[in-house]
Structures are given as C-alpha cells and as structure tokens.
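Me: Got a minute to go through this one with me? I'd like to start with the charged pairs.

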Amino acid sequence: VDEVAFDIINMYEEHTAEEITAAILEKYPDNELIVEALKVKADADYASGAVDIAFETYSRLADKASTPYAINEARIGMLRSARELGMHDSVVEIADALTASSTLSTEQRSEARFTRAYARAAKGEKEAAIEEWSDLAKDMTNLNGTKAAFYIAELQYRDGDLNSARESVN
C-alpha cells in the first residue's frame, strides 16, 4: 500500500484523478485498494459520458468486489450504463441478478425493476413491462413508482387506448 501511495503522490501534480486511477489499476491490478480505485474510475467515466468504458469498469468492479454491498453498487453502475448504451438484454440480465440479491436496498431494487421493465418495453415485451411497472406504481411515494405509472400511460396512449391511459395517470 505504501508503494501505491508513493506513486499517487508522484503523479498528483501532473495528472487528473482519472489518469492516476487508471495508472494505479494497470500497475497494481491485485492490490487491496483495487475495488476503491475501480469505483472511482467507473463513476468518473460515467459522469464524463464515457459510458461504454464505465460499463467495462463496473463489470471489472463486480468481478473484484468481495462484499455484497460492493457487488450491488457495481451492478447498479452496470445497469445504468447498459441502459444508456441501449443494451436491453444486458439490462434484463443485470436487473435479474440485482433483484435476486438479498442485500439490495429498497431504492436499488426499485431502480432495477423499473429499468428492467423499461428494457423489456424497448424490446417489444410490453405486457411484461406493464406488469412490472404496475406493481411498482402501487407505491407512488417512490420516484420509480411514479415514473412507472407515467410509462404505463404512455404505452397505452401510443397503442391508442386513451381511456386506459387517462385512468393510469389519475
């Protein structure tokens, strides 16, 4: 760890945090701090719009993480990245893995379920999407529950079912 810290200090003035993290990951791939470094890099990549790189980094993080919390965080990053990249099959797979976790927070579970339904709708699996969104819409105190009700109404509207769309939003 001291060697890693020394390298970080030496690079600090001339490089960005992302560059330093990438260099540390390459030089010390099995260091005990690798999970922290991968999280920093993945979050920075995602925030900067390098979503494809973020997806790969979150995938590495999921492989390296040793605690359920860290694995869930990595998978949430993968889920968001896959959604942004239009990787609908991957979104469904990742959401399935997330919702199977007993350590997922309520908010994370809601996000995974909402995003899985969104991917299913994008794949043309409207009935499956509506079923999942309908269950989420039962809790309108949750952001994803509110969004789910809106998305159900939007699908119904697109299908020309104006009465059902009106009922869904009321």
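Reply: Sure. A salt bridge here is a side-chain nitrogen of Lys or Arg within 4 Å of a carboxyl oxygen of Asp or Glu. One caveat up front: this is a predicted model.

Me: Fine. What are the closest N and O atoms of Arg-120 and Glu-132 doing, distance-wise?

Reply: They are 3.5 Å apart, and the two residues form a salt bridge. Arg-120 lies in helix α7 (residues 106–122) and Glu-132 in helix α8 (residues 126–136), so the pair ties together parts that are twelve residues apart in sequence.

Me: Is Arg-120 buried or exposed? And Glu-132, buried or exposed?

Reply: Arg-120 counts as buried, at 19% relative accessibility. The cut-off for buried is under 20%. Glu-132 is buried with a relative accessible area of 8%.

Me: What does Glu-132 touch, leaving out residues up to four places away in sequence?

Reply: Arg-113, Arg-116, Ala-117 and Arg-120.

Me: Which residues are linked with it in a network of salt bridges?

Reply: The network links Asp-89, Asp-96, Arg-113, Arg-116, Arg-120, Lys-123, Glu-125, Glu-132, Asp-135 and Lys-138.

Me: How many salt bridges does the count come to?

Reply: It comes to 16.

Me: Give me some that sit within one helix.

Reply: Take Asp-43 and Lys-39, whose side chains meet at 2.8 Å, N to O. Both lie in helix α3 (residues 34–47), four residues apart, about one turn of the helix. Asp-43 is partly exposed at 30% relative accessible area. Lys-39 is partly exposed too, at 27%.

Me: Another?

Reply: Arg-158 and Glu-154 meet in a salt bridge at 2.9 Å, N to O. They both belong to helix α9 (residues 143–158), again four residues apart. Arg-158 counts as exposed at 61% relative accessibility, while Glu-154 is partly exposed at 26%.

Me: Switching to nonpolar stuff. How many residues has the largest nonpolar core?

Reply: It has 23 residues. Those with the most contacts inside it are Tyr-58, Met-78, Leu-79, Ile-94 and Leu-98. Helices α3, α4 (51–64), α5 (68–84), α6 (88–99) and α7 each supply at least two of its residues.

Me: And what does Tyr-58 touch, beyond residues up to four places away in sequence?

Reply: Ala-42, Asp-43, Tyr-46, Ala-74, Gly-77, Met-78 and Ser-81. Apart from that core lies another, of twelve residues, among them Ala-117, Ile-130, Ala-137 and Ala-149.

Me: Rings next. How many aromatic pairs does a search of the whole structure find?

Reply: Five. In one of them, Phe-114 and Trp-133 have ring centres 5.8 Å apart and planes at 35°, so the pair is tilted. Phe-114 lies in helix α7 and Trp-133 in helix α8, so this pair ties together parts 19 residues apart in sequence. Both residues are buried.

Me: What about Phe-114 and Tyr-151, how do those rings sit?

Reply: Their centres are 5.3 Å apart and their planes are at 85°, so that pair is edge-to-face. Tyr-151 lies in helix α9, so the pair with Phe-114 of α7 ties together parts 37 residues apart in sequence. Phe-114 is buried, with a relative accessible area of 6%. Tyr-151 is partly exposed, at 23%.

Me: Which residues form the aromatic cluster?

Reply: Phe-114, Tyr-118, Trp-133, Phe-150 and Tyr-151 form one cluster.

Me: Last one. Which residue's charged end sits over the ring of Phe-114?

Reply: Lys-147, with its charged end 4.6 Å from the ring centre.

Note on methods
Residues numbered from 1 in each chain as written. Predicted model: local features only at pLDDT ≥ 70, side-chain atom pairs only at ≥ 80, totals over all residues. Heavy atoms only, no water. Buried < 20%, exposed > 50% of the residue type's maximum accessible area, 1.4 Å probe, protein only. Contact = heavy atoms within 4.5 Å. Core = buried A, V, L, I, M, F, W, Y, C linked by side-chain atoms within 4.5 Å. Phe/Tyr/Trp six-rings, centres within 6.5 Å; stacked < 30°, edge-to-face > 60°. Lys NZ or Arg CZ within 6 Å of the ring centre and 35° of its normal.
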